[in-house]
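Dear colleague,

I am handing over the structure below, together with a written account of what a look through it turned up. Please read the account with the coordinates open beside you.

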Amino acid sequence: MAKSRWVAQIMACALVVISPSLMGTAKLPWTFDQRVLAAQNRERMRLGLEPFEWNPALAEAAQAWADHLASTGEFEHAPENYRAPEGENLWAGTKGYYSPEAMVDAWVREKKYFQHGVFPNNSTTGRVEDVGHYTQLIWRATTDVGCAKATSASTQEDILVCRYTEAGNYRGERPL
């Protein structure tokens with residue numbers, strides 16, 4: 001990653017870390033994409049991990065899947081592409097109610113059930129579903145992210161889809 005881009009991401013993440021009052025419904029002077037990226041990188045920085053880089057191709061794929069979910073009323077992961085695997089986190093909530101930071105925070109809150117170890121034995125509850133979004137977000141080998149939001153007319157929900165490379169949550173591997 002170019003040094004200037006790395007510095008810009010660190011500064012954006014630092015602003016979010018040191019200014020909790022900016023979280024939630026406060027309006028930030030950033031785009032949706034920048035805010036989703038900063039919210040995810042905030043947690044990665046807390047763990048000493050390299051920040052994600054925004055990947056427009058992943059964002060485009062995420063938009064296509066978010067649009068599909070919004071138009072069908074379904075809520076499920078995209079079929080896996082075994083030739084070029086991508087990780088995927090999904091979120092849905094009341095239309096217009098949640099900020100990008102709150103959407104990502106739903107995944108970050110899973111850390112209360114996270115325990116270090118080999119995947120899928122990373123949940124204190126014994127259920128990988130309780131930590132799977134979080135482990136993808138903190139997967140050490142993951143470097144790129146792209147996210148998109150769509151709104152379902154039938155369910156009146158905003159749907160957030162984030163795609164990641166390298167995909168995480170591989171059995172027998174450690175997230176950190």
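What follows goes through the sheet, the disulfide, the helices, one proline and the main pocket in turn.

Please keep in mind throughout that this is a predicted model.

The sheet is a convenient place to begin. It is an open sheet of four strands in the order 1-3-4-2, and its pairing is mixed. Strand 1 (53-54) and strand 2 (87-94) form the edges, each of them pairing on one side only. Strand 3 and strand 4 run antiparallel to each other and are paired over eight bridges, and within this pairing G146 has R163 of strand 4 as its bridge partner.

The disulfide belongs to these two strands as well. A search of the whole structure finds one disulfide, formed by C147 and C162, whose sulfur atoms are 2.1 Å apart. C147 lies in strand 3 (residues 144-151) and C162 in strand 4 (residues 157-165), so the link ties together parts that are 15 residues apart in sequence. The link of C147 and C162 is right-handed, with 110 degrees about the S-S bond, and both C147 and C162 are buried.

Two helices can be described by how they lie against the sheet. Helix 2 (residues 32-46) lies across strand 1, strand 3 and strand 4, and runs at about 125 degrees to strand 3. Helix 3 (residues 56-72) also packs on the sheet, where it touches strand 1, strand 2, strand 3 and strand 4, and its direction makes about 25 degrees with that of strand 3.

A single residue in another helix may be worth a visit. P100 is found in helix 4 (residues 100-108), and it counts as buried because its relative accessibility is 6%, against a cut-off of under 20%. Which residues is P100 in contact with, once its neighbours within four places in sequence are left aside? They are F32, R35 and V36. P100 and L160 are 60 residues apart in sequence, while their C-alpha atoms are 8.7 Å apart in space.

Last comes the pocket. The largest pocket has a volume of about 590 Å³, and 24 residues line it, with H77, E80, E86, G87 and E88 lying nearest its centre. Strand 2 and helix 5 (132-138) are the elements that give two or more residues to this lining.

With best regards

How values were computed: Residues numbered from 1 in each chain as written. Predicted model: local features only at pLDDT ≥ 70, side-chain atom pairs only at ≥ 80, totals over all residues. Heavy atoms only, no water. Disulfide = S-S within 2.5 Å. Buried < 20%, exposed > 50% of the residue type's maximum accessible area, 1.4 Å probe, protein only. Pairing = 2+ DSSP bridges. Contact = heavy atoms within 4.5 Å. Axes fitted to C-alpha atoms, helices over the stretch in contact; angles between N-to-C directions. 1 Å grid on protein atoms, 1.4 Å probe; cavity = no way out; pocket = protein on both sides within 12 Å on 5 of 7 lines; lining within 4 Å. Points joined across faces, edges and corners; volume = space filled by probe spheres on them.
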